[in-house]
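Trainee: I've got a new model up on the screen and I'd like to walk through it with you. Can we go piece by piece?

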There are 2 protein chains.
Amino acid sequence: MRAEILSIGTELLLGHISDTNATYLARQLTTLGIDLFYVSQVGDNLGRLTETLRRARDRSDLVIMTGGLGPTEDDLSREAIAAVLGETPAVDPQLEAELRAFFASRGIEMPERNVKQAWVIPSVTPLANPVGTAPGWWAERDGKIVVAMPGVPHEMMRMWEHEALPRLRPRTGTVLFTRTLRVAGMGESTVEERLGELIHGENPTLATYAKRDAVDVRVTAKATTAAAAEALVAQMEARAREALGAHVFGVDAQTPQSVALALLIARGLTLAAMESCTGGLLASLITDVPGSSAAFLGGFVAYSIAMKAAYGVPRETLEQHGAISVETARAMARAARERLGADVGVGITGVAGPAEQEGKPAGTVHIAVASTAERVSETSQRFRGARSEIKWRAAITALNLLRLHVLREERDA
Amino acid sequence: MRAEILSIGTELLLGHISDTNATYLARQLTTLGIDLFYVSQVGDNLGRLTETLRRARDRSDLVIMTGGLGPTEDDLSREAIAAVLGETPAVDPQLEAELRAFFASRGIEMPERNVKQAWVIPSVTPLANPVGTAPGWWAERDGKIVVAMPGVPHEMMRMWEHEALPRLRPRTGTVLFTRTLRVAGMGESTVEERLGELIHGENPTLATYAKRDAVDVRVTAKATTAAAAEALVAQMEARAREALGAHVFGVDAQTPQSVALALLIARGLTLAAMESCTGGLLASLITDVPGSSAAFLGGFVAYSIAMKAAYGVPRETLEQHGAISVETARAMARAARERLGADVGVGITGVAGPAEQEGKPAGTVHIAVASTAERVSETSQRFRGARSEIKWRAAITALNLLRLHVLREERDA
């Protein structure tokens, strides 16, 4: 099967955004064993879009379009597909009802222009988009497929995974199985070093990706059956886990926060936090997890020294060691725990930057996790990067320390 | 001048790398006022490359190629240009001498395959590449220009800046100026409706983009001088602002949080927050802004009802109206303010989902901003989407309410 990608949007041609969708889809097609011969970016212009789509459909079996499905006059993907196939769009009553329900649930009347998002043509099967207003189009005729998906990356990726991929997979002869190991507390090059020769395998393949919240090790195997591909991945996973030890905190969609919370909930433990330099980011990450209220009682964003002192950090600690100290982090963890009557407390203090503070450089961060006044885990780090990057790395490090602390408590018990 | 970009390399089509060169060049062309109509990625295949280049040269005045200038058999940009122009490559003695000197300076003998990097054709002026082995090609004939540059980004950017740009600039008569208006409290289609006819202008052009923290309205004008382009933008900006009113909260790189904080700091006001459903996200966004400690004293993530009650929400309020109520939001705003001695307090309570709470559906959010016990602004909303989306929209809405509250307080004073 020969494929081609069309990325639509004048903002691409103005250089306002990069075409990350094409890179994602290219990688997906590679793992499906589908040949990708061309990627084209075209602006919001009906003539150029139609011409490009016609050529793509002439020379390829599968054309994947992203963008141009919005409600405005500049969104022309539907018009272009209809023109190339010579079919006339009409409003699909069910899609329209869903669209109106979407707006009604937000208490807004649907602008009339949005009706075009409910269009279909005879060759089209609509693809569901529960996270946005634009359904996708699966247009199949004469042995050729055109798939149109939204340009917003998270909407596109969801639609690809849940709608397009399941329709494409049966048409390719191979089955692919992938598992991602999520690694904390090591940089990408250290992970690669530890994996050593494993990284050069052909099937399964092993690839590392540095993500904001972890280093991912993706294990991918091809086989003729799902069971065979899964077995190949399982063997390789065991070897990778041996090389990486307790640094592997989870797999696939698990996050540092979901894993830490699951540990706490499984053990019936409650959690409280007091943050300074992360400014609420730790609490926000924790509360991103559905059901987090089962363990997380609450937190304090003790951004000023006055608030630290008023909410439980002893004046002597602040005076002797400063607000940016492991002693203050420890006192914050204890105070959070005691004030909210939680089993475990986390404290974070540091310098988010850009300016230094108390003579400590930007990126200095102290983190403590306390179960009782005595049972405390702590770490001091110096992170690099912009302010938001330092906040992020501090919060992720705290979640990893929390995980290791709970595991150790259990081992010691 | 109409331009087109060709990015060459099979690694792009496998998704191994992203086409950051195209984004860079697109932005450069935009600021030169050169229209970019197409970007194409093609693999290392002479037939497909020649076909794509021929079409590009037919329909555009300027074709910018990156990649395919290496010494291997897979590097085919020179061959494709020669084929399209019908000219025959020959080794340029001066380029060959420079190439041999480059290798000699590193103490390596030049592999013979590298000789092709010294090729030229009659229409070509070579472009110097002091940071790599591949010179670029400036191929000009019949009023059409083809520029071929290396694919390695830093080599390409240097060559663009020092070799291609100085040759192009005198040929463009135009200068471009852009300003982005950032809009809060309205969806993208409402913004478009309000802008009405303005959206159809040719110069300046006006385009809307839905971002996570705002709807952006980008105003772009072309003129022969920077001052003239800026004046055109200023006129259009005034009309757009009239249509959008106080919904325009900032321009360009400003964010809801940077604008709200700047307002507070300019008036010498301090801020405190008490959050429930946003779980610390509001505080985290605020503390993303460098210098936020000048206004932000701290916050409470009152995730449990017990913590709400212990930190200032009256029991009667919780019992009579429930934790998910505008009364509780108001009490939280007041409590945050009073506990930390801040001038302004923000309170947020709601249902982040996915499950309903107190019989209220996911997405229900109540927000209050209080300056004194009496001077309170509040809003109740129902947001759609996943948990993190609801948190995000609640926090952004709170920042907008905070901004409007401070502006109103000032007007009323």
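Trainee: Let's start with a proline, B:P354. Where in chain B does B:P354 lie?

Mentor: Keep in mind that this is a predicted model. The peptide bond joining B:G353 and B:P354 is cis, with omega about 5°. As for its place, B:P354 belongs to the loop between β15 (344–350) and β16 (364–370) of chain B.

Trainee: Chain A has a cis bond too. What is omega for the peptide bond from A:N203 to A:P204?

Mentor: Find A:P204 in the loop between α7 (188–195) and β10 (205–210) of chain A. The bond leading into A:P204 from A:N203 is cis, and its omega is near 5°.

Trainee: Now A:E358. Is A:E358 buried or exposed?

Mentor: A:E358 is in the loop between β15 (344–350) and β16 (364–370) of chain A. Its phi is near 50°, a positive value in a residue other than glycine. For burial, count the other C-beta atoms within 10 Å: there are 11. The cut-off for exposed is 12 or fewer, so A:E358 is exposed.

Trainee: And B:D252, what is its phi?

Mentor: Look in the loop between β12 (248–251) and α9 (256–266) of chain B, where B:D252 sits. B:D252 has 11 C-beta neighbours inside 10 Å, so it counts as exposed. It is not a glycine, yet its phi is positive, at about 50°.

Trainee: Back to prolines: is B:P135 buried or exposed?

Mentor: B:P135 is in the loop between β6 and β7 of chain B. Leaving out residues up to four places away in sequence, B:P135 touches B:L95, B:Q117, B:P126, B:L127, B:A128 and B:N129. It has 27 C-beta neighbours inside 10 Å, and 20 or more is the cut-off, so B:P135 counts as buried.

Trainee: What separates the C-alpha atoms of B:P135 and B:M236?

Mentor: Along the chain, B:P135 and B:M236 are 101 residues apart. In space, their C-alpha atoms are separated by 44 Å.

Trainee: On to the sheet. Which strands stand at its edges?

Mentor: Follow the order of this open sheet of 12 strands: β6(A)-β7(A)-β8(A)-β3(A)-β1(A)-β2(A)-β2(B)-β1(B)-β3(B)-β8(B)-β7(B)-β6(B), with mixed pairing. Neighbouring strands are turned by 15° against each other on average, direction ignored. Each edge strand has a single partner, so one side of each is left without a neighbour in the sheet. Those edge strands are β6 (124–127) of chain A and β6 (124–127) of chain B.

Trainee: In what sense do β2(A) and β2(B) pair?

Mentor: Within chain A, β1 (residues 2–8) and β2 (residues 35–42) pair in the parallel sense over seven bridges, and A:S7 has A:Q41 as its bridge partner in β2(A). Across the chains, A:V39 stands opposite B:Q41 in β2(B). The pairing of β2(A) with β2(B) runs over five bridges, and its sense is antiparallel.

Trainee: Which element gives the most to the side of chain B that touches chain A?

Mentor: In all, 53 residues of chain B are in contact with 53 residues of chain A. Elements giving two or more residues to chain B's side include α2 (20–32), β2 (35–42) and α14 (387–412) of chain B. By class, that side has 24 nonpolar, 20 polar and nine charged residues. The element that gives the most, with seven residues, is β2(B).

Trainee: Helices next. How do α2(A) and α6(A) lie to each other?

Mentor: The contact is made by residues including A:Y24 and A:L32 of α2(A) and A:M156 and A:W160 of α6(A). It divides into seven nonpolar, three polar and no charged residues. The axes of α2 (residues 20–32) and α6 (residues 153–168) of chain A come within 11 Å and cross at roughly 20°. Therefore α2(A) and α6(A) are roughly parallel to each other.

Trainee: Last one: which hand does the crossing of α3(B) and α4(B) have?

Mentor: Helix α3 (residues 46–59) and helix α4 (residues 77–85) of chain B pack at about 55°, with their axes 9 Å apart. That angle makes α3(B) oblique to α4(B). The contact has seven nonpolar, one polar and three charged residues. The crossing in which α3(B) passes α4(B) is right-handed.

Methods:
Residues are numbered from 1 along each chain as its sequence is written. Chains are lettered from A and ligands numbered from 1 in the order in which they are written. This is a predicted model: local features need pLDDT of at least 70, side-chain atom pairs count only at pLDDT 80 or more; totals for chains, interfaces and linings use all residues. Axes are lines fitted to C-alpha atoms, for helices over the stretch in contact, and angles run from 0 to 180 degrees between N-to-C directions. Helices (H or I, at least four residues) and strands (E, at least two) are DSSP runs, numbered from the N terminus. Angles under 35 degrees count as roughly parallel, over 145 as roughly antiparallel, 65 to 115 as roughly perpendicular and the rest as oblique. A crossing is left-handed if the near helix is turned anticlockwise from the far one by less than a right angle, and right-handed if clockwise. Ala, Val, Leu, Ile, Met, Phe, Trp, Tyr, Cys and Pro count as nonpolar, Asp, Glu, Lys and Arg as charged, and the others, Gly among them, as polar. Two strands pair if DSSP finds at least two bridges between them. Two residues are in contact if their C-beta atoms, placed from the backbone, lie within 7 Å.
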